[in-house]
Amino acid sequence: AALGLLDDASTSYRHALRSAIRSGSMQGEAVACGNLALVGKQSGDLETARACLDRYLQLTEALSDSVGAVEAHHRLGDLATELGDLQRAGSHFESALTITASQPEQQAALNQTKIEIGLAQGNMQFSEWMLTGFGGA
């Protein structure tokens, strides 16, 4: 049943994306790309999710939507972590930190970004520790 709902959502969001592109609505395109990324991730299509999030990030930056850009970087960082690309994850979390640090009203997002960076760094150090045979033990 859930897969059918995801298929329906994907169809609706693809239709919304086509409509937004035809009408020249960058905001509409950004919303549709963000939603298609969610559906892609939920259905296990991580490459589609990444491609949609990359486009979402481009659009939010073009629109000077710093809140959207931070969200895009967070979601791309989470996805990169899930894919095991910890360097890319760290880069996205650092980008989110840079954006939020310049906006005092975004303190909650700044705190969340710091947590995400810490988690990514911890995961990377743990992976390195595992690869080196448990730290030489």
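1. When the directions of two helices are compared, angles over 145 degrees count as roughly antiparallel, and angles under 35 degrees count as roughly parallel. In this predicted model, α3 and α4 pack at an angle of about 155 degrees, and because that value falls in the range over 145 degrees, the two helices are roughly antiparallel to each other. Their axes lie 9 Å apart, and α3 passes α4 in a left-handed crossing.

2. The residues that bring α3 and α4 together can be followed in the structure above. From α3 the contact draws on Leu46, Ala49, Arg50, Leu53, Asp54, Tyr56, Leu57, Thr60 and Glu61, while α4 contributes Gly68, Ala69, Glu71, Ala72, His73, Arg75, Leu76, Leu79 and Glu82.

3. How are α2 and α4 arranged, roughly parallel or roughly antiparallel? The angle between α2 and α4 is about 20 degrees, with their axes 12 Å apart, and since angles under 35 degrees count as roughly parallel, these two helices are roughly parallel to each other. The crossing of α2 and α4 is left-handed, and the contact is made by Gly34, Ala37, Leu38 and Lys41 on the α2 side and by Arg75, Leu79 and Glu82 on the α4 side.

4. It may help to place these pairs in the whole chain. The protein chain has 7 helices and 0 strands, so that, as helices are numbered from the N terminus, its elements run α-α-α-α-α-α-α. Of its 137 residues, 33% count as buried, and among the contacts with a separation of 6 or more, 44% are accounted for by residues 24 or more positions apart.

5. The largest nonpolar core has 17 residues, and those with the most contacts inside it are Leu17, Cys33, Leu53, Tyr56, Leu57 and Leu79. At least two residues of this core come from each of α2 (26-42), α3 (46-62) and α4, and the largest share, 7 residues, is supplied by α3. There is also a second, separate core of 5 residues, which includes Ala80, Phe93, Ile117 and Ala120.

6. Leu79 deserves a careful look, as this residue appears in the contact of α4 with α3 and also in that of α4 with α2. Once residues up to four places away in sequence are set aside, Leu79 touches Lys41, Leu46, Ala49, Arg50 and Leu53.

7. Is Val39, a residue in helix α2, buried or exposed? Its relative accessible area is 9%, and because buried means under 20%, Val39 is buried. Leaving aside neighbours within four places in sequence, Val39 is in contact with Leu6, Ala9, Ser10 and Tyr13. The C-alpha atoms of Val39 and Ser10 are separated by 6.3 Å, although these residues are 29 residues apart along the chain.

8. Asp85 is found in the loop between α4 (66-82) and α5 (86-101). Its relative accessible area is 30%, and because this value lies between the limits of 20% for buried and 50% for exposed, Asp85 is described as partly exposed. A polar atom of the Asp85 side chain lies 3.2 Å from the backbone nitrogen of Arg88. The C-alpha atoms of Asp85 and Ala120 are separated by 9.8 Å, with their positions 35 residues apart along the chain, and Ala120 is one of the residues of the second core.

Definitions and conventions
Residues numbered from 1 in each chain as written. Predicted model: local features only at pLDDT ≥ 70, side-chain atom pairs only at ≥ 80, totals over all residues. Heavy atoms only, no water. Helix = DSSP H or I, 4+ residues; strand = E, 2+ residues; numbered from the N terminus. Buried < 20%, exposed > 50% of the residue type's maximum accessible area, 1.4 Å probe, protein only. Polar contact = N/O pair within 3.5 Å; in protein donor to acceptor, adjacent residues only side chain to side chain. Core = buried A, V, L, I, M, F, W, Y, C linked by side-chain atoms within 4.5 Å. Contact = heavy atoms within 4.5 Å. Axes fitted to C-alpha atoms, helices over the stretch in contact; angles between N-to-C directions. Parallel < 35°, antiparallel > 145°, perpendicular 65-115°, else oblique. Left-handed = near helix turned anticlockwise from the far one by under 90°.
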